[in-house]
Amino acid sequence: GGVFASVVAPAMFNGFWEFQVGLVCTCVLLALCTELDRPEGRLALVRTVAWGVGIGTLGFHFVNAIRDDQQGMIAATRNFYGLLRVYDKDIGDGPTVLLRSLYHGEILHGSQLLAGARRREALTYYGDGTGVALAIAKHPRRDTSATSSGSGLIIGVVGLGTGTVAALGRAGDTVRFYEINPEVERIANAYFSFLRDAAATTEVVLGDGRISLERELRQQGTQQFDVLVLDAFSGDAIPIHLLTYEASQLYWRHLREDGVLVVHVSNKYVNLRPVVRAAAAAFDKRFLLISADSLGEEYAGSTWVVVTSNGALIDRLAGSATHWPREEPQTILWTDDYSSLVSVLD
């Protein structure tokens, strides 16, 4: 079973279907064992028919579930890092308006409207009013960088997704993505156009974000980011090493003195707010919580924590800030030596 799930299934399937296959095979095996143990008797035929009907019904249900899951799906791929699927959905009341979305497992990782000028619009977790959009748009250097120094903002992003953050950049900006899964980069280029359409210069560095940043610091020195976005925590497999004290120390070495760290903490399973808050306090940084509600198909609800010592930016964002929940722990500091998901289960 372990070999099938870890080696055979990823090579055979472009979905997580080994559970269904395994359950049907288990029922078939149980039926065979039952019949071989009691091959004769007045109820033998009834048992055989009952097993056949039950297994057939179960298989029919699973086939229909898989077929429903593939409705609107235009691409799917699976590797060590999980299952990626791309869906198209018509969300128009009149003319056809196609919304293309990327899912990693069951988690939405970004969407794009395919037609017209709106294809360059940042959607889902990155639209107007979200923490990341506000942190970039209201950064004090946004007002002066393009005119005074001849260069725009330098934005780092850990987690590529569909590349939506590139849509928040302007001409003269540089948006540098760090992505561990090469299939994500392939899909972002093949099925979405945020990277191609961006006014900013875009770069993609393949590999674990923290390891890549450590290597760059050692070989090239600091990247001098104006904004560093951490966007790798929406699923149930949290990369804890990106949220530790030591990781934060690395981020601040790559950020300018007035730079801002923006952490996407939206999550179905765990509450990462106290962890980010603790790391911010450990470096004597100020922090704001900014939540945005879901606004239909295009805009998903999101929660971001903005961390900085840039007082001018904090003042600009104060009107958009959300109150911290009083009932949750104030701080939970993770280090490379110790972390516990139990403390943040939501």
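A residue counts as partly exposed when its relative accessible area falls between the buried limit, under 20%, and the exposed one, over 50%. In this predicted model, Asn79 sits at 23% relative accessible area, so it lands in the partly exposed class. Asn79 belongs to strand β1, which runs over residues 73-79. Setting aside residues up to four places away in sequence, Asn79 touches Asn181 and Glu183. There is also a long-range pairing to look at: Asn79 and Ala11 are 68 residues apart along the chain, yet their C-alpha atoms are separated by 8.3 Å.

Thr303 falls on the other side of that limit. Its relative accessibility is 16%, and therefore Thr303 counts as buried. Thr303 lies in strand β11 (residues 302-308). Once neighbours within four places in sequence are left out, its contacts are Val263, His264, Val265 and Ser266, along with Leu289, Ile290 and Ser291.

Now for the nonpolar interior. As a rule, nonpolar side chains in soluble globular proteins tend to be buried together. Here the largest nonpolar core holds 41 residues, and the members touching the most others are Val132, Ile136, Ile155, Val165, Phe177 and Val262. Helix α4 (residues 131-137) supplies the largest share of this core, with five residues. Take Ile155 as one of those well-connected members: beyond its neighbours within four places in sequence, Ile155 is in contact with Ile136, Thr174, Val175, Arg176, Phe225, Val227 and Val229. A second core, separate from that one, has 33 residues, including Phe233, Leu250, Leu261 and Val270.

Leu250 turns up again where two helices pack. Helix α8 (residues 209-219) and helix α9 (residues 245-254) meet at an angle of about 50 degrees, and their axes are 10 Å apart. Because of that angle, α8 is oblique to α9. The crossing of the pair is left-handed. On the α8 side, the residues involved are Arg210, Leu213, Glu214, Glu216 and Leu217, which meet Glu246, Ala247, Leu250, Tyr251, Arg253 and His254 of α9. Sorted by class, this contact comprises five nonpolar, five charged and one polar residue.

As for α9 itself, its buried residues are Ala247, Ser248, Leu250, Tyr251, Trp252 and His254. The cover over the buried residues of α9 includes α8, β8 (225-230), β9 (255-264), α10 (273-282) and β11. That last element, β11, is the strand that holds Thr303.

Technical notes. Residues numbered from 1 in each chain as written. Predicted model: local features only at pLDDT ≥ 70, side-chain atom pairs only at ≥ 80, totals over all residues. Heavy atoms only, no water. Helix = DSSP H or I, 4+ residues; strand = E, 2+ residues; numbered from the N terminus. Buried < 20%, exposed > 50% of the residue type's maximum accessible area, 1.4 Å probe, protein only. Contact = heavy atoms within 4.5 Å. Core = buried A, V, L, I, M, F, W, Y, C linked by side-chain atoms within 4.5 Å. Axes fitted to C-alpha atoms, helices over the stretch in contact; angles between N-to-C directions. Parallel < 35°, antiparallel > 145°, perpendicular 65-115°, else oblique. Left-handed = near helix turned anticlockwise from the far one by under 90°. Nonpolar A, V, L, I, M, F, W, Y, C, P; charged D, E, K, R; others polar.
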